[in-house]
Amino acid sequence: MRNLLVAGNWKMNGSGAANSALVEAVVAGRPAASSVELLVCPPFPYLAAVAAALKGSGITLGAQTVSEYDKGAYTGEVSAAMLRDIGCDAVIVGHSERRALYGETSEAVAAKFAAALAAGLLPILCVGETLTDREAGNTEAVVDEQLDAVLNTAGADGIRQAVIAYEPVWAIGTGKTASPEQAQEVHRHIRSRIAGYDAGVAAAVQILYGGSVKGDNAEGLFSMPDIDGGLIGGASLKADDFLAIAEAATRVRGS
Ligand code: PEP
């Protein structure tokens, strides 16, 4: 049985003081269940401080994006090795905000995925369709294109060392959550697409759902057979809200 993972993406929020208070409260209130894993992704400037606060907690530290390049004249970019160096173990790649606002193509996302893996970081690969895609009946085609860019470069072996996050763009930050059944349908599709490359990897990989997950809808989502936790945006910014989601995960997969 796969563990559930509850991952918080803090995006560009907080301050030194606020983020220290947030991480301390998350550490203090984390569930004891070993089958529920927690991960937080603060903004770059706070990674080192949060790494120190997480020491010994069992909570994983992730960044929100990474350069596809190793080093050099890439002003403003941060390499995977640098993230490792300051204590990160994971990184989000291909978040829809990066794709939409910063023009990251699926090829660029695949290169970032490869850079993360090469440095020993766990990539959290985000895929998901817009409302226009969904209404046109293109959900699976869009998700396949995003997934295949990585599968065709890193292979199933790459996915073995990664986490997938299905995040319908229309559900991110909108308060509109995909129903558990809607999300499950796409999660099942993603798992079967990966199974086309390697059935063992498909069975083992954690596939998170993201998009307006809250304490009161998490249990329904996490109870679905192919949903292995959540990538949480807005509700990860308040410890109580984030911990309520972790508690929901514990109810589903406690111990
Ligand atoms: C996200 O941005 O990854 C996300 C899921 O945001 P929210 O939970 O706020 O919808």
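**Notebook: ligand shell and cysteines**

I began with the ligand and looked up which residues surround it: there are 13 of them, and Lys11, His95, Glu167, Gly173 and Ser212 come nearest. I note here that the model is a predicted one.

Next I sorted the shell around the ligand by class, and I found 7 polar residues, 4 nonpolar residues and 2 charged residues.

I then turned to individual atom pairs at the ligand. For Lys11, I found a polar side-chain atom 2.5 Å from an oxygen atom of the ligand. For His95, a polar side-chain atom again faces my search, lying 2.8 Å from a ligand oxygen atom. For Ser212, the atom I recorded belongs to the backbone, an N or O atom that lies 2.7 Å from an oxygen atom of the ligand. I also looked up how much of the ligand is covered: on its own the ligand has 290 Å² of accessible area, and the protein covers 97% of that.

My last entries concern the cysteines. How many disulfides does the rule give? The count comes to 0 disulfides. I checked Cys41, which is in no disulfide, and the nearest cysteine sulfur to it is that of Cys88, 7.9 Å away. I looked from the other side as well: the closest cysteine sulfur to that of Cys88 is in Cys41, and because the two are 7.9 Å apart, they are too far from each other for a bond, the cut-off being 2.5 Å.

Are these two cysteines buried or exposed? Cys41 counts as buried because its relative accessibility is 0%, and Cys88, at 0% relative accessibility, counts as buried too.

Notes:
Residues numbered from 1 in each chain as written. Predicted model: local features only at pLDDT ≥ 70, side-chain atom pairs only at ≥ 80, totals over all residues. Heavy atoms only, no water. Buried < 20%, exposed > 50% of the residue type's maximum accessible area, 1.4 Å probe, protein only. Near = heavy atom within 4 Å. Polar contact = N/O pair within 3.5 Å; in protein donor to acceptor, adjacent residues only side chain to side chain. Areas by Shrake-Rupley, 256 points an atom, 1.4 Å probe, with all protein chains shown as cover. Nonpolar A, V, L, I, M, F, W, Y, C, P; charged D, E, K, R; others polar.
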